[in-house]
Amino acid sequence: MKGRVVVLKEYGKPFEIEEYDVPDPEPGAVILRMTQAGICGSDLHTWRGDQINNPLPPGGRLMGHEGTGVVERLGEGVSTDTLGVAIEEGDRVVYSAVFPCYHCHLCLKGDTNWCVNRGGAGAGTWPYFRGTYADFLYLPPRHPLFKVPDELPDEILGPVNCAMGTVTTGLMRAGAREGHNVVIQGAGGLGLHATAMAKDMGADRVIVLDRLENRLELAEEFGADYTINIEEFNTVETRVARVKELTNGRGADTVMELVGRAELLAEGIDMLSNGGTFVEIGDIVRGREVSIDPSKLLPGKNIVGSLMYRPDLLPTLLNFLVRNQNKLPFDRIVSHKFPLADINEAFPQAEWDQRQTAVTRAMLVP
Ligand SMILES: [Zn+2]
Ligand SMILES: [Zn+2]
């Protein structure tokens, strides 16, 4: 049996689709048949060439990390998911999108999402299927995976193992809790999940900023108390003043950067109340700089970075979806679906940099 994988051979060039034999799973391994794979902001950065200083592995980079699938084959000895729930071929599972080394000092502490040996998967080497833009995905022995509760529809599962896990971890790192005011910079897939999760964690006011009105309207449906269109509030000063006004002069307890623009750090620090925390998530591209005034940090303001999540978060997220799926329009986050073969049409349509797009989250479907 063969399957397709999407490979980036060269920055700035269209993706190529290659075919490989699907390997036999090692004992303990699991092969998934992908059912959907999200186009995440970080994939757009890669495609756009923003990471040109980050050399591609030999053979090109296998693309895609967000997604979900069904069990195609279980390796010898695998009969349950990570929590001991029986699984068999055809079952829907959500798996950790972090593939750590389990041998570094951070993995040893359980901080597998900060593993020093994480790297982009190269194409053409065994087991071939290590990106989600593919027909199959190879999960090595002991890789965390969780059976999906029957009541959850397929349409809402795609973003769980990237967008949703990442923003939830960011909120946890900021100590988000009852009564907090949370500002969310960017209302794409990350921002919409962050809005829902911040409210679920007890936020008093969630304020969402974006340029696209369709995204801001959706943010309101996910529980945003206020939205700020940055075309209308088109200077840093007016945006900071608006956040202060909407928080009775206090400022935000948490500001989350989910866009990927360095200058939003400086802006976000000004939006914080004393003691508040700025969470950097979106700025994954190396080499961008912003100047800040460190004296502004003295009254207890924090800056924390956040990257992906620990795998034990995933069952919590599935429970969150079960609890909220009939209250919030999770099925509308994925606005567009494209066949995997049309990936070179999907990316230009999903692009939001310097342009308007109707896409909130695009999914590739094998
Ligand atoms: Zn992602
Ligand atoms: Zn490691």
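This passage walks through a predicted model of one protein chain, from its overall build down to a few single residues.

Starting with the whole chain, the predicted fold contains nine helices and 16 strands. Its C-alpha trace spans about 60 × 45 × 40 Å along the principal axes. A compact globule of 366 residues would have a radius of gyration near 21 Å, and the chain comes out at 20 Å, so the two agree. Buried residues account for 47% of the 366 residues. The chain also brings together distant parts of its sequence: of the contacts between residues at least 6 apart, 73% join residues at least 24 apart.

Next come the sheets. Six strands line up in an open sheet, in the order β11-β10-β9-β12-β13-β14, and their pairing is parallel. The edges of this sheet are β11 (226-229) and β14 (302-305); each has a single partner strand, so one side of each is left without a neighbour in the sheet. On average, neighbouring strands here are turned by 15° against each other, ignoring direction. At the β14 edge, the partner is β13 (residues 272-280), and the two pair in the parallel sense over four bridges. Within this stretch, E280 stands opposite G305 in β14.

Helices pack against this parallel sheet. Helix α6 touches β9 (181-185), β10 (205-210), β11 and β12, and its direction makes about 160° with that of β10. Helix α3 (residues 160-173) lies across β12 (252-257), β13 and β14, running at about 150° to β12.

Helix α6 (residues 236-246) has a helix partner too: α7 (residues 263-271) packs against it at an angle of about 35°, with the two axes 9 Å apart. The crossing is right-handed. On the α6 side, the contact is made by V236, R239, V240 and V243, while α7 supplies E267, D270 and M271. These contact residues divide into four nonpolar and three charged, with no polar ones. As a general point, an α-helix has 3.6 residues a turn, so residues three or four places apart point the same way.

A second open sheet has three strands in the order β2-β1-β4, this time with antiparallel pairing. Here β2 (16-21) and β4 (61-62) stand at the edges with a single partner strand each, so one side of each has no neighbour in the sheet. Strand β1 (residues 2-8) pairs with β4 in the antiparallel sense over two bridges, and L8 stands opposite R61 in β4.

One residue of β1 gives a view of the start of the chain. K2 is found in this strand, and because there are 10 C-beta neighbours inside 10 Å, K2 counts as exposed. Leaving aside residues up to four places away in sequence, K2 touches E19, Y20, D21 and V22. T360 is 358 residues away from K2 along the chain, and the C-alpha atoms of the two are separated by 32 Å.

Strand β1 also features in the surroundings of helix α1. The buried residues of α1 (residues 41-48) are G41, D43, T46 and W47. Their cover includes β1, β3 (30-39), α4 (189-200) and α9 (343-350). Right after α1 comes G49, with a positive phi near 95°.

Finally, some loop residues have backbone features worth a look. The peptide bond from W126 to P127 is cis, with omega near 0°, and P127 is found in the loop between α2 (105-108) and β7 (136-139). Y128 sits in the loop between α2 and β7 as well. Phi of Y128 is near 70°, a positive value in a residue other than glycine. Is Y128 buried or exposed? Y128 has 22 other C-beta atoms within 10 Å, so it is buried.

M308 likewise is not a glycine and has a positive phi, of about 50°. M308 is found in the loop between β14 and α8 (313-324), and with 22 C-beta neighbours inside 10 Å it counts as buried.

Definitions and conventions. Residues numbered from 1 in each chain as written. Chains lettered and ligands numbered in written order. Predicted model: local features only at pLDDT ≥ 70, side-chain atom pairs only at ≥ 80, totals over all residues. Rg over C-alpha atoms; globule rule 2.2 N^0.38 Å. Buried ≥ 20, exposed ≤ 12 C-beta atoms within 10 Å, placed from the backbone. Contact = placed C-beta atoms within 7 Å. Pairing = 2+ DSSP bridges. Axes fitted to C-alpha atoms, helices over the stretch in contact; angles between N-to-C directions. Left-handed = near helix turned anticlockwise from the far one by under 90°. Nonpolar A, V, L, I, M, F, W, Y, C, P; charged D, E, K, R; others polar.
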